Amino acid sequence: MYEILPQYLSSIATKITETKNKKILFNINCICGGQNFFIFKNCETAEEITKKKNWENLIKGYNGGYSDDKGNLYLTKKIFGIKIKQIKINRSDVPQYNTIIKVKCSKCGKEYIIYDSRENGYDAMVDSLENNKITDLPVQYIKFLDKEQSIKIKITNDLAYQEFVDEFQNASLQDFSNAFSEISIYITNNNKRKCIFTAETR
């Protein structure tokens, strides 16, 4: 019924409202019936921190880059539009800036990933369909907010299903639903809604 409702959230989405401008708003409820959650966000591992520092040191001497038709990546330095320096880099050297939001039901303790930039959203779906999957790393979490909260999510998908299918020939409706262009996560206190996280995914 709701083609832009992400499939991975469909089992816990309630009070769904779809608007004409390609947006959908819904509550998150645990399968146990719980309506309140503790919210967690991933934090960088020591490996990720080291990788980012190495990358930042590497790119200091360059001011541009490109990918060729074979998928090779290059860093370049140009002065007045003239290339004076170039190196080829490995994709594995490029750090990934991942965001994962996890919630834990305060009633039964069941956990759900409600957003993972490696898996959810347009860019992640493109990588998946083109077999450019990001290598999973161990994930560490910190509590995002101290108190349990009720959660609403707003999804925007600015592509029509047919446009998505035209772009990705083997894409399914499930792929399309998970390839949203923007996600916003809200908490509700005293009937007031507050956005705690938003991300554009393309």
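**A first look at the chain**

Student: Let's start with one residue: is aspartate 116 buried or exposed?
Tutor: In this predicted model, the relative accessible area of aspartate 116 is 6%. The cut-off for buried is under 20%. Aspartate 116 falls below that limit, so the word for it is buried.

Student: Where along the chain does aspartate 116 sit, and which residues does it touch beyond its sequence neighbours?
Tutor: Aspartate 116 belongs to strand β8, which covers residues 111-116. Now set aside whatever lies within four places of it in sequence. The contacts of aspartate 116 are then Thr99 and Ile100.

Student: Zooming out, how many helices and strands does the protein chain have?
Tutor: The C-alpha trace of the chain spans about 60 × 40 × 30 Å along its principal axes. Its secondary structure comes to four helices and 12 strands.

Student: What share of the residues is buried?
Tutor: Two values help here. The chain exposes about 12,200 Å², and carbon and sulfur atoms supply 47% of that area. Out of the 202 residues in the chain, the buried share is 37%.

Student: What part of the contacts joins residues at least 24 apart in sequence?
Tutor: Take the contacts between residues at least 6 apart in sequence as the starting set. Of that set, the part joining residues at least 24 apart is 58%.

Student: How far apart are the mean positions of the positive and negative charges?
Tutor: The chain has 30 positive and 25 negative charges. Take the mean position of each group, and the distance between the two is 7 Å.

Student: Let's look at a sheet: in what order do its three strands lie?
Tutor: β4 (residues 64-67) and β5 (residues 73-79) pair antiparallel over four bridges. β5 also pairs with β6 (residues 82-89), again antiparallel, through seven bridges. Together the three strands make an open sheet, in the order β4-β5-β6.

Student: Which strands stand at the edges of that sheet?
Tutor: Look for strands with a single partner, because one side of such a strand is left without a neighbour in the sheet. From one strand to the next, the twist averages 30°. The edge strands are β4 and β6.

Student: Which residue stands opposite tyrosine 66?
Tutor: Start from another pair between β4 and β5: glycine 65 has leucine 75 as its bridge partner. Tyrosine 66 also faces a residue in β5, namely tyrosine 74.

Student: How many residues lie between β5 and β6 in their hairpin?
Tutor: For comparison, the hairpin of β4 and β5 has five residues between its strands, and glycine 71 in that turn has a positive phi of about 90°. In the β5 and β6 hairpin, isoleucine 79 is bridged to isoleucine 82. The number of residues between those strands is two.

Student: What is the phi of phenylalanine 80, and is that residue buried or exposed?
Tutor: Most residues other than glycine have a negative phi. Phenylalanine 80, found in the loop between β5 and β6, is not a glycine, yet its phi is positive, near 55°. Its relative accessible area is 83%, and the cut-off for exposed is over 50%. So phenylalanine 80 counts as exposed.

Student: And lysine 15: which strand holds it, and what is its relative accessibility?
Tutor: Lysine 15 has a positive phi of about 50° although it isn't a glycine. The strand that holds it is β1, residues 13-18. Lysine 15 counts as exposed, with a relative accessibility of 64%.

How values were computed. Residues are numbered from 1 along each chain as its sequence is written. This is a predicted model: local features need pLDDT of at least 70, side-chain atom pairs count only at pLDDT 80 or more; totals for chains, interfaces and linings use all residues. Side-chain values use heavy atoms; hydrogens and water are left out. Buried means under 20% relative accessible area, exposed over 50%, partly exposed in between (1.4 Å probe, protein chains only). Contact means heavy atoms within 4.5 Å. Accessible areas come from the Shrake-Rupley method with a 1.4 Å probe; for residues, only the protein chains shown count as cover. Lys and Arg count as positive and Asp and Glu as negative; His and the chain ends are not counted. The place of a charge is taken as NZ of Lys, CZ of Arg, CG of Asp or CD of Glu. Two strands pair if DSSP finds at least two bridges between them. Axes are lines fitted to C-alpha atoms, for helices over the stretch in contact, and angles run from 0 to 180 degrees between N-to-C directions.
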